[in-house]
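Q: Please give me a close look at one part of this model, beginning with how a nonpolar patch on a surface is recognised. I would then like to see how that part sits within the rest of the chain, with the evidence laid out step by step.

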Amino acid sequence: MREARLRLLKTTDGPRNTEMLRLTLQQAVAELGGLGGMVHLAEAADRELRLVAAVGLPRVFAEAWEDLALDDRAAPALAVRNGTFVWLRAAAEPGLRSRTFPEATGLAAVPLAGPQGPVGALSVVMPTLGGPDPEKRLFLQVLADWAAERLRQSPPVPSPVSPAWWQEPSGTRLQHAMRAVEVGVWDWDLRTGELLMDEAALALTGLDPHTFDGRIESWVTHVHPDDMPALAAEIDKVIADRGVLSIEYRLRRPDGSINWIEDRGQLIFGEDGEPVRMIGTAWDTTQTRMARDSVGRALRNMSDGFFAVDADWHITYVNVQAERFFGAAGNLLGRELWEAVPAVSALGLEKRSRQAVADGTPVGFDIRSPATQAWYHMRLVPVPGGLTVYFTDVTEQRAHEAERARAERAAVERAARMEELTRALAQALTVHDLAQAIADRVLPPFGATGLIIQAVEGERLRAVGAVGYPQEYIELLTRHRVAEVSPVIEVLRTLTPKFIGSLGEFTELYPELADYLTAGRKQAWAFLPMVASGRPVGCCLISFARPRRFTDEERTLFTALSGLIAQSFERARLYDAEHTRAQELQRGMLPRALPVLPTVTTAARYLPASEGGEVGGDWYDVIPLSGARVALVIGDVMGHGLAEAVAMGRLRTAVHTLADLELPPDELLAHLNELVSDLGDDFYATCVYAVYDPSTRVCTVACAGHPPPAVVDPDGSVRFPRFAPNPPLGAAGPPFETVEIELPEGSLLVLYTDGLVESADQDIEDGMAHLAQVLTTVATIARHPSSGSTAEGRRPGPDRRGNAIEDIDRVCDAVMSALLPSQEQSLDDAALLVARINGLPAGDIASWPLPEHPTAAGEARRHVREQLDEWHLDDLTMTTELLASELVGNVVRHAKGPCQLRLLRGQSLVCEVSDGSPTTPRIRRASDTDEGGRGLQLVAALSHRWGARYTAAGKCIWTEQLLPEPPSDQAAYL
């Protein structure tokens with residue numbers, strides 16, 4: 001409402017000053033809920049404020065405010081002097097202290113701004129002690145600023161008042177002001193009956209000021225006879241209640257015309273407290289009344305129903321449509337609503353009507369007429385002293401809305417199904433996933449019972465996915481060639497879907513295929529071509545168990561589905577092919593079989609990522625070393641793809657090469673780090689390299705950014721060796737820390753990649769704890785020894801070796817199934833390498849220190865003869881003596897002590913000669929005249945393998961000889 005008042009002022013184009021000020025006052029009084037308002041303008045010459053416009057104020061009050069000195073304590077003067085809003089209660093205002101206004105009133109004033117300061121004030125009399133709130137103050141100031149701006153744009157003298165207006169006697173100024181605002185003022189002496197009326201009031205009634213005798217009795221004769229009783233009763237009530245007069249009535253003018261007049265009056269009391277006078281204002285409301293009557297006629301005959309009740313629920317108005325709705329006969333006015341119209345209570349309107357009046361809030365709702373079954377929208381609007389009810393027939397509208405809602409729901413359901421299918425197809429990686437997505441998202445909404453996806457492969461169609469068909473029928477379809485006549489061939493040729501709704505229609509179109517109908521057990525079909533990149537790649541068949549009439553909407557939807565399915569099918573086929581190649585590549589990169597060794601029993605598992613078709617970078621290996629030692633290695637090239645697979649292959653080859661050089665684990669990782677760094681900045685790899693020496697049962701381990709291995713002791717306890725945190729290969733810098741782990745007989749050494757213990761839902765610490773729990777549970781498998789020395793000091797037979805491998809396989813399977821259940825999706829590859837540790841028996845190890853003297857070679861030959869005789873290896877005695885003598889001779893001639901000889905019996909016979917020199921011998925070709933240089937050639941010729949490795953004290957030269965076949969009556973010892 002406040003904004004509407006401002007818009008009204010701003011759109012009022014060019015009013016005269018007085019009219020403009022009156023309009024401003026009317027808006028201010030209405031917005032602030034005031035009793036009246038006034039505008040004062042300043043006279044610069046005599047420093048006074050003069051009243052130029054007033055609204056709603058009695059004459060006696062306005063006369064007291066005609067002239068104000070600028071230094072007065074009144075609110076308008078204070079507003080002009082201070083240039084700000086002023087609020088004064090009646091007790092502080094001289095003009096408000098009269099009995100005309102009670103004590104519980106006040107005056108709010110704001111200045112009218114001018115170029116050099118305030119030029120006047122706008123004031124509103126308000127019946128409140130607290131004054132206007134901040135929002136109303138702001139609105140009052142906005143009105144004052146607007147009025148001041150209009151005054152600056154107009155001549156300084158208010159129009160239509162003459163230029164001599166300010167010099168006229170003060171008694172006439174109020175008349176000019178009242179005339180300007182077109183409000184008549186009257187003063188009625190209740191005791192004498194004298195009635196004083198100003199020119200405006202006389203003009204409203206049409207009375208001649210020269211002939212009117214100023215008596216209330218004379219004026220009453222002009223009141224319309226029908227309105228006189230109500231007017232007299234209202235006046236008596238006001239006098240008795242000491243209230244305020246407010247009434248509208250008809251007045252007959254002397255010329256015979258009738259005007260509607262609205263009077264507002266207030267009592268003036270004498271010294272005895274009794275009312276002696278009544279003063280008030282009068283307005284001509286004829287035009288307003290006529291407009292109201294016009295609205296009433298329109299309201300009476302409008303198509304919507306309308307009725308009104310008073311506070312006692314008596315009907316005060318009812319239009320024609322409402323009478324028809326209620327089916328009421330006779331006059332309803334003045335009767336109680338619930339009694340006159342029982343249907344109101346039957347429709348539940350009574351409760352809602354009473355609630356709306358109690359809440360004071362309009363409410364709207366729809367009801368249905370039991371008699372006509374028509375729907376109506378009811379709106380209950382509480383008004384002062386009653387309730388108004390509007391209602392409209394919305395039966396047709398609700399029918400349209402229901403139809404539209406059904407269509408919208410169907411569209412939403414279709415869109416939801418398409419969205420779900422699109423999402424499911426986007427997530428389908430394989431052709432099997434695609435068939436399952438279609439079966440789950442397409443068949444149920446349409447009531448379909450069968451699905452077949454056929455792919456074009458050369459001249460044949462192959463069923464790559466099927467739901468709801470027996471396997472015999474699928475095999476029957478697979479035997480058909482593409483060139484044969486069928487609906488599938490037709491849709492592939494025309495690239496247009498084909499819909500067959502019954503068995504009869506199918507038989508009529510394809511009589512030669514009638515036998516297939518019995519085998520398929522379907523009665524309606526939708527054949528959808530799958531077209532990708534402009535060429536047919538297959539056909540999707542959706543079938544139904546009962547005959548079906550395909551609507552245009554279903555045909556359109558199936559056609560759209562065929563395009564989505566085709567794109568997903570082509571992608572899934574490519575994924576299947578790529579995934580197959582990736583798996584073949586991965587299998588080719590990993591060891592085909594792990595070596596069978598007497599000192600460790602190993603088994604491994606590799607599980608590729610279940611999402612994504614690219615090959616991973618996880619790898620593992622078991623490498624036999626000299627001296628019956630074994631290297632166990634596991635690693636992970638970060639990332640997936642062919643480049644990572646190539647990097648993994650290069651690393652695995654490099655590890656084999658470096659292992660043959662007998663490098664310690666830390667040096668080997670240093671060389672691998674250089675290799676990974678040379679691959680590029682985007683390549684990183686983690687690795688664990690462990691070397692187990694069965695003669696000492698000590699495993700030396702180096703780690704580069706990889707999870708530490710797990711050690712399962714024979715009692716079932718699990719421990720993880722502590723490593724200093726090393727970055728992965730490619731980001732690390734030597735030296736790498738090595739850790740020596742003592743491994744008891746029968747313990748397990750478990751190496752794994754992070755894909756086994758880490759996932760999106762589990763961090764690596766929790767995964768390692770889970771791994772430890774699983775290993776503890778299955779440790780009983782490792783407690784039964786599968787290798788070790790027998791009473792005769794022999795290796796276990798093949799039956800025990802087979803059992804050992806089977807036990808380790810069971811450990812691997814248990815770990816993989818517990819940490820990576822088959823139903824879960826894995827985003828990373830996972831590799832596992834488990835080794836059960838077996839030490840060399842003390843009886844299979846012989847070691848002797850040798851002097852740094854030429855006699856050392858003879859001692860070495862003697863020790864060899866004696867030990868081989870004890871081991872029953874006499875067939876190897878002569879060869880081993882020559883090898884030991886040559887190696888010891890080289891130490892005596894070219895190296896330095898201390899010198900030591902060691903023999904190991906395992907899968908082969910190992911002869912080792914150690915010294916304190918770091919220089920390793922090299923084979924060279926000796927000429928015919930050279931006296932030496934042929935010793936290493938002799939060693940290479942007599943041994944199966946030979947080599948050299950560095951030790952902590954120097955180096956070790958070793959040879960291996962194959963053991964002779966055991967007698968046929970003994971087991972083939974390992």
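A: A patch is built from residues with over 30% relative accessible area and no salt bridge, and nonpolar side chains are joined into one patch when they lie within 5 Å. In this predicted model, Met878, Leu882, Leu938 and Leu942 make a nonpolar surface patch of about 360 Å². Two elements each give two or more residues to that patch, namely helix 30 (877-894) and helix 31 (935-942). An α-helix has 3.6 residues a turn, so residues three or four places apart point the same way. Leu882 belongs to helix 30, and because its relative accessible area is 42%, Leu882 counts as partly exposed and passes the cut-off of over 30%.

The setting of the patch is a chain of 974 residues, 47% of which count as buried, with 31 helices and 36 strands. About 47,200 Å² of the chain is exposed, and 52% of that area is supplied by carbon and sulfur atoms. When contacts between residues at least 6 apart in sequence are considered, 59% of them join residues at least 24 apart.

Salt bridges show some of these links between parts of the chain. Their count comes to 33. One of them joins the side chains of Asp844 and Arg905, at 2.6 Å from N to O; because Asp844 lies in the loop between strand 31 (830-837) and strand 32 (845-850), while Arg905 lies in strand 33 (residues 899-905), the pair ties together parts that are 61 residues apart in sequence. Both partners count as buried, Asp844 at 1% relative accessibility and Arg905 at 18%. Arg945 forms another salt bridge, with Glu960, and here the closest N and O atoms are 2.9 Å apart. This pair links distant parts of the chain, with Arg945 in strand 35 (residues 945-950) and Glu960 in strand 36 (residues 955-962), 15 residues apart. The two partners are not covered alike, since Arg945 is partly exposed at 33% relative accessibility, whereas Glu960 is buried with a relative accessible area of 9%. Elsewhere, Glu48, Arg50 and Asp67 are joined into one network by salt bridges that share partners.

An open sheet offers a further view of how elements are assembled. The sheet has 5 strands in the order 23-24-25-26-29, with antiparallel pairing. Its edges are strand 23 (618-624) and strand 29 (738-742), each of which pairs on one side only, and neighbouring strands are turned by 15° against each other on average, direction ignored. At one edge, strand 29 pairs with strand 26 (residues 698-704) in the antiparallel sense over 5 bridges, and Thr700 has Glu740 of strand 29 as its bridge partner. Helix 23 (residues 642-660) lies across strand 23, strand 24 (630-637) and strand 25 (685-693), and runs at about 15° to strand 23. Helix 24 (residues 665-679), in turn, lies across strand 25, strand 26 and strand 29, and runs at about 155° to strand 25.

Helix 23 and this sheet are also joined by side chains, as Asp621 and Arg652 meet in a salt bridge of 2.8 Å from N to O. Asp621 lies in strand 23 and Arg652 in helix 23, so this pair ties together parts that are 31 residues apart in sequence. Asp621 is buried, with a relative accessible area of 4%, and Arg652 also counts as buried, at 18% relative accessibility.

For contrast with the surface patch, consider two elements with buried residues. In strand 11 (residues 275-284), 7 of the 10 residues are buried. Strand 11 is joined to strand 7 (residues 184-189) by 6 bridges in an antiparallel run, with Asp189 and Arg277 as bridge partners, and strand 11 also pairs with strand 10 (residues 258-269) in the antiparallel sense over 9 bridges. Phe269 stands opposite Pro275 of strand 11, and in the hairpin of strand 10 and strand 11, with 5 residues between the strands, Gly273 takes a positive phi near 85°. Helix 19 (residues 487-494) has Pro487, Val488, Ile489, Val491 and Leu492 as its buried residues, and their cover includes strand 17 (450-457), strand 18 (460-467) and helix 20 (503-509). Just after helix 19, Leu495 takes a positive phi of about 60°.

Methods. Residues numbered from 1 in each chain as written. Predicted model: local features only at pLDDT ≥ 70, side-chain atom pairs only at ≥ 80, totals over all residues. Heavy atoms only, no water. Patch = residues over 30% accessible without salt bridge, like charges linked within 9 Å, V, L, I, M, F, W, Y side chains within 5 Å. Areas by Shrake-Rupley, 256 points an atom, 1.4 Å probe, with all protein chains shown as cover. Salt bridge = Lys/Arg side-chain N within 4 Å of Asp/Glu carboxyl O. Helix = DSSP H or I, 4+ residues; strand = E, 2+ residues; numbered from the N terminus. Buried < 20%, exposed > 50% of the residue type's maximum accessible area, 1.4 Å probe, protein only. Contact = heavy atoms within 4.5 Å. Pairing = 2+ DSSP bridges. Axes fitted to C-alpha atoms, helices over the stretch in contact; angles between N-to-C directions.
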